[in-house]
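Colleague: Please take one part of this model and describe it closely. I would like to hear how the strands are paired, and then what surrounds them.

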Amino acid sequence: MKKVKINFYELLNFTKRSDIEKANRVKLLIEEVVNNPKFRDEILKANFKDRRFRNEDQTIVTIDDNKEILNRLISGKEQFRDEDADYEWDFRISLYRSITGEVGKRKKESVLTKKKKFRQRSDRTIAAHWIHEYIHVIGFTHDFKRTEIRPHSVPYLVGSIAKEILKAE
Ligand SMILES: [Zn+2]
């Protein structure tokens, strides 16, 4: 299976040197996880109950084959960039300030992370969050309400698999 490379294409509002240092540690964790054979195995075996993939034109398809889900995940084909599969995860990350409760979110090809959470949370937690948001950048989606199937969507379930592997190592 192809080796995936992680790139920081853009880091916005990482104002302290320690922010950049943390981002670089998280990058290594992400690279370790996505290239871990166990991570890929778990995805192939996973029981996804929500397999929706949103195309750039907003049409939605369902991807029944886990192999195809894995292929899309590792392809590095970010949406809204006219990119082909290059097996490079190009991250565009902005830190932002807000009083709302979430750790972060995705906006088109960018991952947004709350600056306070970024600084408070562990490297592993931020790695799992960036993986989850990046899966949205690729095109997978989930319910935005807390439904029963949401934890079994591609972004959530793959995020959980990543978290487990990061804990084990
Ligand atoms: Zn999400």
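**Strand pairing and its surroundings**

Modeller: In β6, Lys105 has Leu112 as its bridge partner. This is a predicted model, in which local features need pLDDT of at least 70 and side-chain atom pairs count only at pLDDT 80 or more, while totals for chains, interfaces and linings use all residues. Residues are numbered from 1 along each chain as its sequence is written.

The bridge between Lys105 and Leu112 belongs to the pairing of β5 with β6, which is antiparallel and has four bridges. Two strands count as paired if DSSP finds at least two bridges between them. β5 and β6 also form a hairpin, with two residues between the strands. One residue of this turn, Lys108, has a positive phi of about 50°.

On to the pairing of β6 with β4. Strand β4 covers residues 88-96 and strand β6 covers residues 110-114; the two run in the parallel sense over four bridges. Ile93 has Val111 as its bridge partner in β6, and Tyr96 stands opposite Lys114 in β6. β6 is thus described by two pairings: parallel with β4 and antiparallel with β5.

β4 also pairs with β1, again in the parallel sense, here over seven bridges. Asn7 stands opposite Asp90 in β4.

Put together, these pairings give an open sheet of four strands in the order β1-β4-β6-β5, and the pairing is mixed. The edges are β1 (5-12) and β5 (104-107); each has a single partner strand, so one side of each is left without a neighbour in the sheet. From one strand to the next, the twist averages 30°.

Now the helix on the sheet. Helix α5, residues 123-138, lies across β4, β5 and β6 and runs at about 20° to β5. Axes here are lines fitted to C-alpha atoms, for helices over the stretch in contact, with angles from 0 to 180 degrees between N-to-C directions.

Elsewhere in the chain, two helices pack on each other. The axes of α2 (residues 37-45) and α3 (residues 66-75) come within 8 Å and cross at roughly 140°. From α2, the contact is made by Arg40, Ile43 and Leu44; from α3, by Asn66, Lys67, Ile69, Leu70 and Leu73. Residues are in contact if their C-beta atoms, placed from the backbone, lie within 7 Å.

As for the whole chain, its secondary structure comes to six helices and six strands. Helices (H or I, at least four residues) and strands (E, at least two) are DSSP runs, numbered from the N terminus. Along the sequence the elements follow the pattern β-α-α-β-β-α-β-β-β-α-α-α. The four strands β1, β4, β6 and β5 of the open sheet are therefore to be placed within that succession. The C-alpha trace of the chain spans about 45 × 35 × 30 Å along its principal axes.

Definitions and conventions:
Contact = placed C-beta atoms within 7 Å.
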